[in-house]
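Visitor: I should like a close look at a single part of this model, followed outward to whatever it packs against. Please give the account in one connected piece.

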Amino acid sequence: MIPTLRTERLLLEPYVPADEEAFVTLFQDPRVSAWMGDGGPAPEEDDRALFGRIFTKVYAQELFAVWAVRRDGVLVGHAEIKPSEDVGGHEIVYALATAAWGSGLGTEVAEALVAHGFGTLGLSAVHATVAEPNVASLKLLGRIGFEHVRDITEDDGSTTRVLTRRP
């Protein structure tokens, strides 16, 4: 059972099937997808399949927590906290629609995910991986107590920063 999380301005709650179009729109935005997965929009049918797997696999098998991020009832982002072999622990992942950038909502989402990790999941550390050029995310996570612990060199030669926060 995935709990609903609340911040000052946001509600993080499990996706519902009616969220598919907003989810696809979010992940098809090249400014958002530049920092997700392989660094660019996947084919639309892949994003639709990913949305379907949230229900048929992630939720059905209770693999990890995945939330729709809403502000005033409108889907403005995506958030998750999941085990990751790359970091040897639980990693937070979040994305916001570009209209929500620069307003502090990313900080609210990240703080909510960290609080869930430490409080509900009882983790001793929460991790994040961020592409080296994603300065905005690196600054945001640094402001809320994440520390750079190491780098991963990707197959294409790019660098991913591994950041960790402890309670």
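Guide: The span expected of a helix is 1.5 Å multiplied by one less than its number of residues. With that yardstick, one may turn to helix α3 in this predicted model. Helix α3 covers residues 44-59, 16 residues, and its first and last C-alpha atoms lie 22 Å apart, close to the 22 Å expected. The helix nevertheless has a kink of about 40°, centred on R53.

How is α3 connected to its surroundings? In α3, the residues D47, F51, I54, V58 and Y59 are buried, and the buried residues of this helix pack against α1 and β3. An α-helix has 3.6 residues a turn, so residues three or four places apart point the same way. Charged groups supply a further connection: E20, E21, E44 and R48 belong to a network of salt bridges. Side chains of opposite charge can pair when their charged atoms come close.

The strand on which α3 packs, β3, deserves attention next. Six of the seven residues of β3 are buried, and the strand is described as mostly covered. On one side, β3 runs antiparallel to β2, to which three bridges join it; here L12 stands opposite V69 of β3. Towards β4, the pairing is again antiparallel, with seven bridges. Within that pairing, A68 has H78 of β4 as its bridge partner, while V69 is matched with G77 of β4. V69 thus takes part in both pairings, facing L12 and G77. The turn of the β3-β4 hairpin has two residues between the strands, and D72 in the turn has a positive phi of about 50°.

β3 also carries a charged residue with a partner elsewhere in the chain. The side chains of R70 and D19 form a salt bridge, with an N to O distance of 2.6 Å. This pair links distant parts of the chain, 51 residues apart: R70 lies in β3 (residues 65-71), and D19 in the loop between β2 (11-13) and α1 (20-28). R70 and D19 are both buried. Under the criterion applied, the model has 11 salt bridges in total.

From β4 the sheet continues. Eight of the 11 residues of β4 are buried, so this strand is largely enclosed by the rest of the structure. β4 and β5 pair in the antiparallel sense over eight bridges, and among the matched residues are I81 and its partner I92 in β5. Their hairpin has four residues between the strands, with G88 in the turn at a positive phi of about 70°.

What do these elements share in the interior? The largest nonpolar core has 46 residues, and those with the most contacts inside it are Y15, W67, I92, Y94, L141 and F146. At least two residues of this core come from each of α1, α3, β3, β4 (74-84), β5 (89-96), α4, β6 (126-131) and α5 (135-143). Helix α4 gives the most to the core, with seven residues. Y94 may serve as an example of the packing: leaving aside residues up to four places away in sequence, Y94 touches M36, H78, A79, G106, V109, A110, L113, S137, L140 and L141. H78, one of these contacts, is the bridge partner of A68.

Helix α4 offers a useful comparison with α3. It spans residues 105-119, has 15 residues and reaches 21 Å between its end C-alpha atoms, close to the 21 Å expected. Of its 15 residues, 11 are buried, including G106, V109, A110 and L113, which are also listed among the contacts of Y94. In α4, E111 forms a salt bridge with R165, whose closest N and O atoms are 3.0 Å apart. That bridge joins distant parts of the chain, since R165 lies in strand β8 (residues 159-165), 54 residues from E111 in helix α4. E111 is partly exposed because its relative accessible area is 30%, whereas R165, at 17%, counts as buried.

A final pair, R31 and D29, shows a similar division. Their closest N and O atoms are 3.1 Å apart in a salt bridge. R31 has 49% relative accessibility and therefore counts as partly exposed, whereas D29, at 14%, is buried.

Conventions
Residues numbered from 1 in each chain as written. Predicted model: local features only at pLDDT ≥ 70, side-chain atom pairs only at ≥ 80, totals over all residues. Heavy atoms only, no water. Buried < 20%, exposed > 50% of the residue type's maximum accessible area, 1.4 Å probe, protein only. Salt bridge = Lys/Arg side-chain N within 4 Å of Asp/Glu carboxyl O. Bend = angle between axes of the 7 residues up to and from the residue. Contact = heavy atoms within 4.5 Å. Core = buried A, V, L, I, M, F, W, Y, C linked by side-chain atoms within 4.5 Å. Pairing = 2+ DSSP bridges.
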